[in-house]
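User: I am new to this structure and would like to learn how to read it feature by feature. Could we start with the way the chains meet?

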Amino acid sequence: MTAAPLPYRVVGNRAESTDTRTLELEPAGEALTGFRPGRFAMLYAFGVGEIPVSVAGLRHGVLSHTVRGVGAVSRALCAMRPGAQVGVRGPFGTEWDLASADGDLLVVAGGIGLAPLRPLVRAALSEPEAHGRLNVLIGARTPQDLLYRRELAAWGRPYCGVTVDRPAPGWEGEVGVVTALLDRASFTPQDTTAFLCGPEVMIRATARELRHRGIPPERIRISLERNMHCATGHCGHCQLGPLLLCRDGPVVGYDRAEPLLAVREL
Amino acid sequence: MRHAGVLAALREGPRARLLALGREVSFAAGTRIFEEGERADRFWIIRNGTVNLDIHVPGRPAAVVDTLGPERLLGWSWLCPPHQWHLGAEAVGQVRAWEFDAAEVLSLCKDDHELDHELLSYVVEVIGRRLRAARTRLLDLYGPYGSGPQP
């Protein structure tokens, strides 16, 4: 981890949807180490600004970050062509900690929340003997907004389900909320570890349903997001009650997060 | 046999008495099971396959608003006035289901208060769950700004 951003070079920029792109970055000099699924980097578009972005892929020293262009910095990042330079600080925050998940795995993602979960799914697929059944449940706004479409077919072990809010003509998949897919997943609740990322309303609804089905709260890991600025736990912008999410998160156990998410406007 | 959905919600006795009224049916892919506005005089418990629920949009293809899979209850409009389907339903692939005549079930429930209570409780729960899901989706959670403007 460094205080100053290190230069990375854009080596890939792939469209995922109309407003979302996946950047692949390789170090232009010194490389940052210690990235794990769940952790995040601060990406600096020179002359524009810096934003936190979760790691969406880790392969052969290349960092993947999926960015939705909704603000000045994220749009600048999305517009970067191969060869452009970006500043990277990190890694920051807590990880999903797949190694401690000994039973079945249940991954539930909503919208761009799939991005931080993608390296976790890839890691689980790479060591199938280390875990039980892998279920991946994905909710998206429309079929066109679905991320990593080319990879999804390989993710079901035994189940990878997708549901959308607004189907397009020709869509033959599910329509509705992501919790409706739980009936199709195969897992033993008391031995399952769940990994949730997406809008907090979705996270709360899903976590409640998982609790109802018997998954202990400490086995439900969620990724939370607040306004991260310094990423080192000093500025306090990302405070959630007693937590500074850039340092104590973004991945938090639901046993800690549940009471905090119940507080209005926290 | 392990049950889920509506069959799991009923205890063994009421479940058996309800299933005694059911008959097995199947729908080929693309079959319109019911149409919005038609008289709702039956319901189904899906055994295999998937059913899309849709809303008629004049001049355009019907908009699919929900999907129901195995063990789910298809149809609750038979239970309360005006006894008309407020959505349409279409089989996505081959669908097998138990079909129930609403009048027969309601007649049985008049004398069988155990079934009446358990079935009604389940249907109300289903309606509540679908209402919550619909309200959640009103937030457009996956849109660029999620559940509304940020502070």
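Analyst: The model is predicted, so please read what follows in that light. The contact between the two chains takes 19 residues from chain B and 23 residues from chain A.

User: Which elements of chain B each supply at least two residues of the side that touches chain A?

Analyst: Strand 5 (60–68) and helix 4 (113–138) of chain B each do so, and the largest share of that side, 5 residues, comes from strand 5 of chain B. By kind, the residues on the side of chain B that touches chain A divide into 10 nonpolar, 7 polar and 2 charged.

User: Does a record say anything about this part of chain B, and what does the chain look like there?

Analyst: According to the UniProt annotation, from an unreviewed entry, residues 6–75 of chain B are covered by "domain: Cyclic nucleotide-binding". Over residues 6–75 the chain is 17% helix and 47% strand, and the C-alpha atoms at the two ends are 12 Å apart.

User: How should I read a sheet, and in which order do the strands of the sheet in chain A lie?

Analyst: In general, the strands of a sheet pair through backbone hydrogen bonds, and they do so either parallel or antiparallel. In chain A, 7 strands form an open sheet with the order 4-3-7-1-2-6-5, and the pairing is antiparallel. Strand 4 (49–54) and strand 5 (57–59) of chain A are the edge strands, each of which pairs on one side only, while the twist averages 35 degrees from one strand to the next.

User: How many bridges join strand 3 of chain A to strand 7 of chain A?

Analyst: There are 4 bridges between strand 3 (residues 40–45) and strand 7 (residues 85–92) of chain A, and these strands run antiparallel. Within that pairing, A:Leu43 stands opposite A:Val88 of strand 7. Helix 2 (residues 114–126) of chain A packs on the sheet, where it touches strand 4, strand 5 and strand 6 (62–68) of chain A, and the direction of helix 2 makes about 35 degrees with that of strand 5 of chain A.

User: Where do the domains of chain A lie along the chain, and how many residues does each give to their contact?

Analyst: The domain assignment of chain A gives domain 1 (6–92) and domain 2 (98–261), whose centres, taken over C-alpha atoms, are separated by 22 Å. Their contact takes 18 residues from domain 1 and 17 residues from domain 2 of chain A. On the domain 1 side, the elements that give two or more residues are strand 3, strand 4, strand 5, strand 6 and strand 7 of chain A, and the residues of that side divide into 8 nonpolar, 7 polar and 3 charged.

Methods. Residues numbered from 1 in each chain as written. Chains lettered and ligands numbered in written order. Predicted model: local features only at pLDDT ≥ 70, side-chain atom pairs only at ≥ 80, totals over all residues. Pairing = 2+ DSSP bridges. Axes fitted to C-alpha atoms, helices over the stretch in contact; angles between N-to-C directions. Contact = placed C-beta atoms within 7 Å. Nonpolar A, V, L, I, M, F, W, Y, C, P; charged D, E, K, R; others polar. Domains from an automatic or database assignment. UniProt positions renumbered as here; feature names shortened; annotations may be inferred.
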